[in-house]
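Me: I'm new to this one and would like a close look at a single part: the empty spaces in the fold, what lines them, and the pieces around them. Could you walk me through that in one go?

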Amino acid sequence: MMNLSEIAEFVDDASRYANAIPQLSETGKDLTLEQAYEVQRLSVQRRYDRGQHQVGVKMGFTSRAKMIQMGLDEMIWGRLTDTMLVEDGGEIDLSDFVHPRVEPEIAFLLNKPLEGLVSPAQAMLAVEAIAPALEIIDSRYENFKFNLPDVVADNTSTSAYVVGPWVKPDIDFTNLGMVMSFDGRPVQIGSSAAILGHPLRALVAAAKLVGEDGGRLEAGWTVMAGGATAAEALTSGVHVRLEAQNMGSVNFSVK
Ligand code: OOG
Ligand code: MG
């Protein structure tokens, strides 16, 4: 049985070198959820040790569509580092990933810290801007299959994200149409309301979950609210665009 640091090295290497690994839970490495978050912390620490730094957090399983697609129904969170950010209009290389998928999200930019139990109104006061965003998830597990501790240990499949133009949060973003297209053809259509009924609830949940873990959301951080629809597999050469009503668009290409 590997200890938690060895498991952290195992999942970090899988992510670093884009190698698929068997599910921890299928190979005698059954973790509690608490141990899984510790593995995540240790594995992302390895990234910090290589010079990366944390720039935010991402929420997972905040919509029914995502829960149904992956067969899990508990909210999870992971850590974003600076090297995961892909510029709007930029390009990613499939060889850097195992089997990437993309999902439409909303990103929050914070201008003050948020910690623990906060009300939606308090959370809103910490929002500098919001933006349409695309998350590129890439489970390191074979066949993109995992249970809750597996995916938490794997930094909740986080691999890259693209953020569109930041807009002042003075628009009502409760229920805005979101259309994700591949080469101009809509592949997922949804609404920001799919994210916990209101994406702001994802920010409230992020402050709570990170607080329970002994941390807080920091000023300057980006918080990804979670996929509003199911994720779509990426293929070579595809151009991905998300158009979010009243918010603008964000896009990237796959080499
Ligand atoms: C886990 C990550 C979930 C989301 O937005 O719901 C997530 C996965 O689906 O691989 O990022
Ligand atoms: Mg996501």
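**Pockets, cavities and their walls**

Reply: Let's start with the lining of the second largest pocket, which by class has seven nonpolar residues, three charged ones and no polar ones. Keep in mind that this is a predicted model. The residues in that lining are L33, Y37, E74, M75, I76, W77, L148, L209, E212 and D213. They surround about 170 Å³ of space. Three elements give at least two residues each to this wall: α2 (33–49), β2 (76–81) and α6 (200–212).

Now for the largest pocket, with a volume of about 320 Å³. Its lining has 18 residues, and R47, T83, D96, F97 and S159 are the closest to the centre. By class the lining splits into six nonpolar, five polar and seven charged residues. At least two lining residues come from each of α1 (4–16), β3 (85–86) and β7 (158–163). β7 gives the most, with three.

So much for the open spaces; next come the closed ones. How many cavities of 30 Å³ or more does a search of the whole structure find? The search finds two. The largest cavity has a volume of about 100 Å³. Of the 18 residues lining that cavity, K58, F61, K66, E103 and T156 are the closest to its centre. The elements that put two or more residues into the lining are β1, α3 (64–70), β5 and β6. β1 has the largest share, three residues. Sorted by class, the lining of the largest cavity holds eight nonpolar, five polar and five charged residues.

The second largest cavity holds about 80 Å³ of space. Lining it are V11, D12, S15, S43, V44, R47, M84, R140, D154, N155 and T158. α1 and α2 each bring at least two residues to that lining. By class there are three nonpolar, four polar and four charged residues. You've met R47 already: it is in the lining of this cavity, and it is also among the residues closest to the centre of the largest pocket.

A couple of these wall pieces deserve a visit of their own. Take α6, which has turned up in the lining of the second largest pocket. This helix has 13 residues and reaches 19 Å from its first C-alpha to its last, close to the 18 Å expected at 1.5 Å a residue. Which of its residues are buried? In α6, the buried ones are L200, A202, L203, V204, A205, A206, A207, L209 and V210. L209, then, is buried in the helix and also part of the lining of the second largest pocket. The cover over the buried residues of α6 includes β1 (54–60), β2, β5 (101–110), α4 (120–125), β6 (127–137) and β10 (222–224). Just after the helix, G214 takes a positive phi of about 90°.

β1 is the other piece to visit, since you have now seen it in two roles. It helps to cover the buried residues of α6, and it gives three residues to the lining of the largest cavity. The strand is mostly covered itself, with six of its seven residues buried. Strands of a sheet pair through backbone hydrogen bonds, either parallel or antiparallel. β1 has partners of both kinds: β2 runs antiparallel to it, joined by six bridges, while β10 pairs with it in the parallel sense over three bridges. In the antiparallel pair, G56 stands opposite L80 in β2. In the parallel pair, K58 stands opposite M224 in β10. K58 is also among the residues closest to the centre of the largest cavity.

One last stop, away from the spaces: an open sheet. Five strands form it in the order β4-β13-β12-β8-β9, with mixed pairing. β4 (91–92) and β9 (185–191) each have a single partner strand, so at these two edges one side of each strand is left without a neighbour in the sheet. Further in, β12 (residues 239–244) and β13 (residues 248–254) pair in the antiparallel sense over six bridges. Within that pair, L242 stands opposite V250 in β13.

Methods
Residues numbered from 1 in each chain as written. Chains lettered and ligands numbered in written order. Predicted model: local features only at pLDDT ≥ 70, side-chain atom pairs only at ≥ 80, totals over all residues. Heavy atoms only, no water. 1 Å grid on protein atoms, 1.4 Å probe; cavity = no way out; pocket = protein on both sides within 12 Å on 5 of 7 lines; lining within 4 Å. Points joined across faces, edges and corners; volume = space filled by probe spheres on them. Helix = DSSP H or I, 4+ residues; strand = E, 2+ residues; numbered from the N terminus. Nonpolar A, V, L, I, M, F, W, Y, C, P; charged D, E, K, R; others polar. Expected span 1.5 Å × (residues − 1). Buried < 20%, exposed > 50% of the residue type's maximum accessible area, 1.4 Å probe, protein only. Contact = heavy atoms within 4.5 Å. Pairing = 2+ DSSP bridges.
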